[in-house]
Amino acid sequence: MTDIRYLAPRTLEEAVGAFAAAAGAARILAGGTDLLVQMRAGSARPGMIIDIKQISEMTSIEETADGGFRIGAAVSGAVMAEHPRFGQVWPGVLEAVNLIGSTQVQGRASAGGNLCNGSPAGDSVPAMIAAGAVVTIQGPNGRRQIPVEAVPAGPGRTTLTPGEILVSFTLPPRPKGSGDAYLRMIPRTEMDIAVVGVGVSLTLENGTVTAARVGLGAVAPTVLLVAGAANALIGSKLDDAAVEAAAAACRAACRPIDDKRGTIVYRIKVAGVLLKRATAIAADRAGKV
Amino acid sequence: MAKLHVSTTINGEPMEFLCEPHESMLDLLRGVLGLTGSKEGCGSGDCGACSITLDDRLVCSCLMLAAEAEGKSIATIEGMAQGERLHPLQQKFLEMAALQCGICTPGVLIAAKSLLERNPDPTESEVRYWLAGNLCRCTGYDKIVRAVLETAAEMRESA
Ligand SMILES: Cc1cc2nc3c(=O)[nH]c(=O)nc-3n(C[C@H](O)[C@H](O)[C@H](O)COP(=O)(O)OP(=O)(O)OC[C@H]3O[C@@H](n4cnc5c(N)ncnc54)[C@H](O)[C@@H]3O)c2cc1C
Ligand code: FES
Ligand code: FES
């Protein structure tokens with residue numbers, strides 16, 4: 001093993017400086033539930049590990065003045081679950097984050113790591129996309145904000161440029177009558193990788209959908225925003241025809257792989273089924289707000 | 001190679017150690033510190049045999065760097081009994097034979113203790129979900145789950 005360094009900077013500026021200076025040899029460490037597994041398997045061999053958990057902006061949850069939320073990129077699933085308000089406002093995002101691994105994994109795994117790891121099956125990603133979450137990224141050239149769906153570039157790859165660190169997720173304020181939900185299909189009841197994952201967020205006014213977003217995971221090289229499915233729901237009263245049209249849009253968006261967890265035909269069919277079920281749950285939650 | 005100097009607390013005792021930057025907490029515990037109660041079943045977060053708490057949060061020590069212990073408080077199975085006095089969970093596991101080979105047991109006990117500290121009255125399915133990351137090759141889980149529920153009931157009575 002060659003010389004490897006561990007840094008735990010206290011400020012974002014220090015972290016970005018060290019990350020940029022290492023020119024590709026460094027890896028960011030959030031919860032380590034992907035990175036440490038990859039290092040052990042030999043698929044990641046960083047020369048420097050930059051632990052971002054000493055930076056308070058990375059590990060805190062804030063309710064913004066307008067009623068939105070800012071979630072630090074390294075906040076663990078367990079900490080998100082303990083927040084008194086977050087799960088009430090965004091139950092779908094929370095259930096997606098809390099599906100990641102076991103209790104032990106939840107104690108460490110972050111939504112930032114889930115997104116930056118670039119897995120098409122990352123559970124929090126479709127729910128964050130459905131929520132309309134925007135990420136703040138900081139790099140050597142300053143800060144920028146992009147929607148979550150603009151981050152994944154392919155299996156294991158993101159659009160972050162060298163030296164850039166994901167800082168936080170910003171979730172918008174929630175209008176009255178809104179609800180969200182995330183469902184995934186796995187061959188077991190716990191501890192498995194999604195065969196399909198669907199996140200739905202919608203707003204209802206007198207029974208009519210005024211806004212909707214749909215995120216679809218594990219059926220293409222990246223998690224997808226399915227605008228066609230959202231458009232089929234918007235303006236409807238969630239009648240069978242509208243929901244079936246949204247399911248058809250999800251099926252049409254699928255470009256899945258065939259593997260031991262699910263065939264192409266199966267994944268496509270399940271994408272439509274989960275869209276319908278997640279929509280029903282989101283609508284039910286919207287009605288209760 | 002430059003070793004890192006880490007100051008931490010383990011089972012309530014202040015502790016200092018030197019570690020490699022990439023060394024896992026599990027390797028450090030079992031190797032350098034000789035605390036071999038935490039087991040390695042997989043090294044990849046799947047089995048839970050290496051479970052510890054880090055600032056009261058249940059984690060897999062195989063998925064944590066030893067360097068991350070700086071300034072934190074760690075609890076391992078070695079700190080669960082008070083001298084000769086077993087923790088009620090340990091006592092109940094013995095009485096109800098909730099273990100066979102025992103490899104999973106330290107991790108299961110640490111995880112179950114962490115559950116009961118948060119939720120003194122869990123349902124059976126809450127116990128099963130909480131322990132889903134603790135694999136056991138021997139018991140079929142039923143005895144483990146029953147021992148945890150039974151301990152919870154007794155601890156509530158005596159509280
Ligand atoms: C037993 C087990 C079960 C699992 N089950 C699931 C599951 O059900 N669903 C699921 O989706 N995943 C699962 N995972 C995978 C993993 O837990 C998740 O992807 C988790 O969200 C990763 O978060 P982390 O904080 O641990 O990331 P880390 O391992 O710290 O980081 C992951 C990657 O992202 C990079 N990175 C992290 N944070 C940043 C940042 N702020 N800026 C730039 N780059 C960054 C790291 O360098 C690394 O390449 C499981 C893992 C294990 C070990
Ligand atoms: S050894 Fe850590 S989870 Fe298996
Ligand atoms: S008692 Fe043998 S693995 Fe659990």
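**Group meeting: two domains, two chains, one ligand**

Okay, let's start with how chain A is cut up: domain 1 covers 5–119 + 134–171, and domain 2 runs over 178–286. Before I go on, keep in mind that this is a predicted model. I'll take the domain contact, then the chain contact, then the ligand.

So, the domains. Going by C-alpha centres, domain 1 of chain A and domain 2 of chain A sit 25 Å apart. For the contact, domain 1 of chain A puts in 15 residues and domain 2 of chain A puts in 13 residues. Together they bury about 1,100 Å², with 56% of that area coming from carbon and sulfur atoms. Which three residues do the most on the domain 1 side? They're Glu95(A), Leu99(A) and Glu149(A), and they supply 41% of what domain 1 of chain A buries against domain 2 of chain A, more than any other three residues.

Glu149(A) turns up again if you look at charges. Its side chain meets that of Arg213(A) in a salt bridge, 3.0 Å from N to O. Across this domain interface the rule finds 2 salt bridges, and there are 5 residue pairs in polar contact, with both partners at pLDDT 80 or more. As for which elements are involved, helix H6 (91–98) and strand E8 (152–154) of chain A are the ones giving two or more residues to the domain 1 side. H6(A) has the largest share there, with 5 residues. By residue type, that side of domain 1 of chain A splits into 8 nonpolar, 5 polar and 2 charged.

Right, on to the two chains. How many residues does each chain bring to the contact? Chain A gives 29 residues and chain B gives 32 residues. The area buried between chain A and chain B is about 2,300 Å², and carbon and sulfur atoms account for 59% of it. On the chain A side, the top trio is Tyr6(A), Thr103(A) and Gln104(A): they supply 28% of the area chain A buries against chain B, more than any other three residues.

For the polar side of things, the count between chain A and chain B is 5 salt bridges, plus 9 residue pairs in polar contact, again with both at pLDDT 80 or more. If you want one salt bridge to click on, try Glu40(B) with Arg40(A), where the side chains meet at 3.4 Å, N to O. Several elements of chain A each supply at least two residues to the side touching chain B: strand E1 (5–7), helix H2 (35–41), strand E3 (48–51), helix H4 (77–82) and helix H7 (103–106). The largest share, 4 residues, belongs to H2(A). And the breakdown for that side of chain A is 12 nonpolar, 9 polar and 8 charged.

Last bit, the ligand. Where does ligand 1 lie? Between chains A and B. There are 34 residues around ligand 1, and the ones coming nearest are Ile28(A), Thr33(A), Asp34(A), Ser110(A) and Asp123(A). Asp123(A) also has a polar distance worth pulling up: an N or O atom in its side chain is 2.7 Å from a nitrogen atom of ligand 1. The backbone joins in too. A backbone N or O atom of Leu166(A) is 2.8 Å from a nitrogen atom of ligand 1, while for Ala30(A) a backbone N or O atom is 2.8 Å from an oxygen atom of ligand 1.

That's what I have; happy to rotate the model around.

Terms used. Residues are numbered from 1 along each chain as its sequence is written. Chains are lettered from A and ligands numbered from 1 in the order in which they are written. This is a predicted model: local features need pLDDT of at least 70, side-chain atom pairs count only at pLDDT 80 or more; totals for chains, interfaces and linings use all residues. Side-chain values use heavy atoms; hydrogens and water are left out. Domain bounds come from an automatic or database domain assignment. Contact means heavy atoms within 4.5 Å. Buried area is the accessible area (1.4 Å probe) that two parts lose on being put together, summed over both. A salt bridge is a side-chain nitrogen of Lys or Arg within 4 Å of a carboxyl oxygen of Asp or Glu. A polar contact is a pair of N or O atoms within 3.5 Å; within protein, one must be able to donate a hydrogen and the other to accept it, and residues adjacent in sequence count only if both atoms are side-chain atoms. Ala, Val, Leu, Ile, Met, Phe, Trp, Tyr, Cys and Pro count as nonpolar, Asp, Glu, Lys and Arg as charged, and the others, Gly among them, as polar. A residue is near a molecule or strand if one of its heavy atoms lies within 4 Å of it.
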